[in-house]
Amino acid sequence: MVEKYQAGDQIDVLLDLLALSECLEGCVIRDTYTVSDELNGALQAATAEGKRVRLDLSNPDLSKRFGDSGAPKPNDANLMNLLELFYNDLLLDLDKTDPWAVAQAISHQVIDRKILFPFIFGRNLYDALNTEHKKEIRRLSPEDSVRLLERTPIGVVQMRGFLFGPLGVSRTAHFRNIAPRRDLRLQHSADRSVSAPHRVYLESSSQARVNRFRALHREKLEKHAERSDWSLFLQKVTKSRLDDFDESSVAMIPHLIGDALDDGELRSLVESLHCADQKVIESAIERDGLSISRDRDGALGSHDRSELMQIMLLYPDQDIRASLDDLVDRGKIEIPEGEVRRPVLHGKRYGGQWATYVEVSSLGTRVAAHFHGMPTLRLLELLSECSAQCGASYRAQVAWQLRIGNDDIEREVERFCRSNSPSAVIRSLIVSIESCHDIVRERLGESVLDPDCSDEHCVSRIMWQLGFTCSPPRTVQSEYSSKYSELQSDMGALFGMEQPTDSIRSAAMGFLVELENYLRSIVHYVSWLLLTDHFNDESGLRYTPDTSMRECARLIYSDDLNKCQKMTLGEVPSRLGAVLNKLKPILEGRTDVARNLDEIPRFATETKLQKFPYRSTVLFGDLSGDSQRRVFDQIKILRKVLVDTQISEIRNRLSHPTNIPPTVEEVTAATSQVDAAISEIEKSGLAPVPWDYIGARVDRWGRACDSFIGPRNAAFDEYSPSVIEISRGPEGSLVIPCQGLVLDGTRDVVHVTYGFDSAYSKYWAGFPVRPMFDAARLEKR
């Protein structure tokens, strides 16, 4: 077969036709679908085998069997030849069939919505389905599938160089494999213990003529010859085009973009690509006829999300990555420090043998992998390349850094890498040795070793690009802790001096501002954490500053968001008192917060191996009795310390020159007592401070221990398997293990995912959407 079809461009024509066939296999059509004259004309050139089956299907006896209106027609046979394509021989003549003409004909039917492709980038399809269907479903009938796809944007599909979408079809020099699919993650379970969305299958019409006669088409082919085994042939002709072992491939970046950017950010990215190279879009308009709107100055006109995705895919993946990195670096797309944006729905796919995927943070894009050893292997390989290309100069500096001789440096470097943290290795063997910087920039990007950035920032960028987990971001607690350290140092220097008012004011005011900010965030967080039904709240145990502030305003400010946002240091004790007043009836058993039966997940009544701990409508009610009392007392102690130390009064005395200023001893005593009370709050997980995940230990029996380091170097180990494994809550890059919040009937603590206020979180607000429980199933339970 290779010898038969290797002449000229036949292999490319074959692979193009195969790509177009796969496009059509994943589409949805109606009962009334007919092959257009244009598409029929593009598929007229058949091989001898293709002509024979077409002739067989036009047999008058079939008209008698099916009736004139129902019998297969020649245009049906031509399209079925494309869909089948391979049998004993090919069914289409490669020399006389033009794939571009076929693609244009398909595109015209896509634009007319005769052929329907699901739009998988973003949440449009998910929201449309869950608006229409309030109960759990697993399949949509052809009629419902058509209705759903008619209410959503035209899908964007690219197979090889053929890029289909709402603007038409274009042929790009770069290849992709973004095939249309009908099995899509479109709905969550009504059971809130199930976090992942399940697949919903969109059925296409089996009554459309081209589908109804597929079995008959194969029957006629089998009548004349056996089917050949094409697998080895296809493997041979496509092998050189595959990059299965390219661990740095950015082929999955369209799936990241589709889920990680909101509409405004996506438009910014497309405009950036257009500014960098306008010829790409000009060529697509002039050569391919894409309906891209532009104003008189050549700027892009108004386009919806699916159109923007199609325009973006006109550019190669590397160009898309470079533009996204540039926008993030310049702050045009704002990603908070610590936020990692990943695909959410349909984009949760992995590429190649390493199961790679693309994600983006404030440090730019990177290719990550599900193979956990990948970052370390990348680091070792990078050091090896630096040694090989930089030669003796680099090796001598490495030897000096490690305080070793020049013999067997490779072994010593590997030993150093395995016995020290990645950040220490990168700092010592890359950032500190200038001779390797050009190699590192070439491999990981120019920005990783920006001369205007600090060494620590360069270390973070290199760690990120290699795939390592970076340290938690700076938070309001970080600012508080930094200012408290400065205050201690300044107060120590002033101790014993006679009334140094200006010096005290200068040292203390910055700290007191950060203290106010931190305590305000603690009140917001504690209100949200303890007094909210996180199981029924679709954000789950996912903290963001904005979410907690709004919930606090609802609970203890009568929905006055402005007052809640501007809570002063003097107000904090009274607001903590308001929280305690809401917790006390629950602690004493005077308030019924039991959850309704219809909200209890199914596993809770069907297995004894797992417990469902969230049986109350507020989290405080789910804690053990000892944990409730301990949490209540810690909040009470913090409130009492703030009152007894008169920390707010100290701030007022420092703020107004006419007041009698506090002494160094007063400031030191008050702030140290407040800090001690806050320390206990932090250890219990009652402060919005993400902990650093250190790693896991697993023995041969499957018992695991996850280790965390928190504020003030507090350590926490969590063991599994757990009796609440199913309902442990959402996973995230940053977590707050709440050591003081032990769930009733277990030894497990509450885990909070640390989130961010960003365009990404707003785009996915209200996700997931839960369908209603099946009443019959509930009654049975």
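How far apart are the mean positions of the positive and negative charges of the protein chain? They are 5 Å apart, taken over 97 positive and 116 negative charges. The model is predicted. Its protein chain holds 33 helices and 13 strands. The points below go from the whole chain to selected strands and helices.

**Whole chain**
- The protein chain has 781 residues, and 53% of them are buried.
- Its C-alpha atoms fill a box of roughly 110 × 75 × 65 Å along the principal axes.
- About 36100 Å² of the protein chain is exposed, with 47% of that area supplied by carbon and sulfur atoms.
- Take the contacts between residues at least 6 apart in sequence: 71% of them join residues at least 24 apart.

**Strands 9, 10 and 11**
- Strand 10 covers residues 704–709. Of its 6 residues, 5 are buried, so the rest of the structure largely encloses this strand.
- On one side, strand 10 pairs with strand 9 (residues 692–698) through 6 bridges, and the two run antiparallel.
- Within this pairing, glycine 695 has serine 707 of strand 10 as its bridge partner.
- Strand 9 and strand 10 form a hairpin with 5 residues between the strands. Glycine 702 in this hairpin takes a positive phi near 85°.
- Strand 10 also pairs with strand 11 (residues 715–720), again antiparallel and joined by 6 bridges.
- Here cysteine 705 stands opposite tyrosine 719 of strand 11.
- Strand 10 and strand 11 make a hairpin too, with 5 residues between them. In its turn, arginine 712 has a positive phi of about 60°.

**The sheet of strands 8, 13 and 12**
- These 3 strands form an open sheet in the order 8-13-12, with mixed pairing.
- Strand 8 (542–543) and strand 12 (735–742) stand at the edges. Each has a single partner strand, so one side of each is left without a neighbour in the sheet.
- Strand 12 and strand 13 (residues 749–754) pair antiparallel over 5 bridges.
- Cysteine 738 has valine 750 of strand 13 as its bridge partner.

**Helix 29**
- Helix 29 spans residues 625–644, which is 20 residues.
- At 1.5 Å a residue it should span 28 Å, because the expected span counts one less than the number of residues. Its end C-alpha atoms are 28 Å apart, in agreement with that value.
- Its buried residues include Ser627, Gln628 and Gln634. Val631, Phe632, Ile635, Leu638, Val641 and Leu642 are buried as well.
- Just after helix 29, glutamine 646 takes a positive phi of about 55°.

**Helix 16**
- Helix 16 runs over residues 305–312 and is mostly covered, with 8 of its 8 residues buried.
- Among the buried residues are Arg305 and Glu307. Ser306, Leu308, Met309, Gln310, Ile311 and Met312 are buried too.

**Arginine 52**
- Arginine 52 lies in helix 4 (residues 48–57).
- Its relative accessible area is 35%. Partly exposed means between 20% and 50%, so arginine 52 counts as partly exposed.
- Arginine 52 and arginine 341 are 289 residues apart in sequence. In space they are 54 Å apart, C-alpha to C-alpha.

Conventions:
Residues are numbered from 1 along each chain as its sequence is written. This is a predicted model: local features need pLDDT of at least 70, side-chain atom pairs count only at pLDDT 80 or more; totals for chains, interfaces and linings use all residues. Side-chain values use heavy atoms; hydrogens and water are left out. Helices (H or I, at least four residues) and strands (E, at least two) are DSSP runs, numbered from the N terminus. Buried means under 20% relative accessible area, exposed over 50%, partly exposed in between (1.4 Å probe, protein chains only). Contact means heavy atoms within 4.5 Å. Accessible areas come from the Shrake-Rupley method with a 1.4 Å probe; for residues, only the protein chains shown count as cover. Lys and Arg count as positive and Asp and Glu as negative; His and the chain ends are not counted. The place of a charge is taken as NZ of Lys, CZ of Arg, CG of Asp or CD of Glu. Two strands pair if DSSP finds at least two bridges between them.
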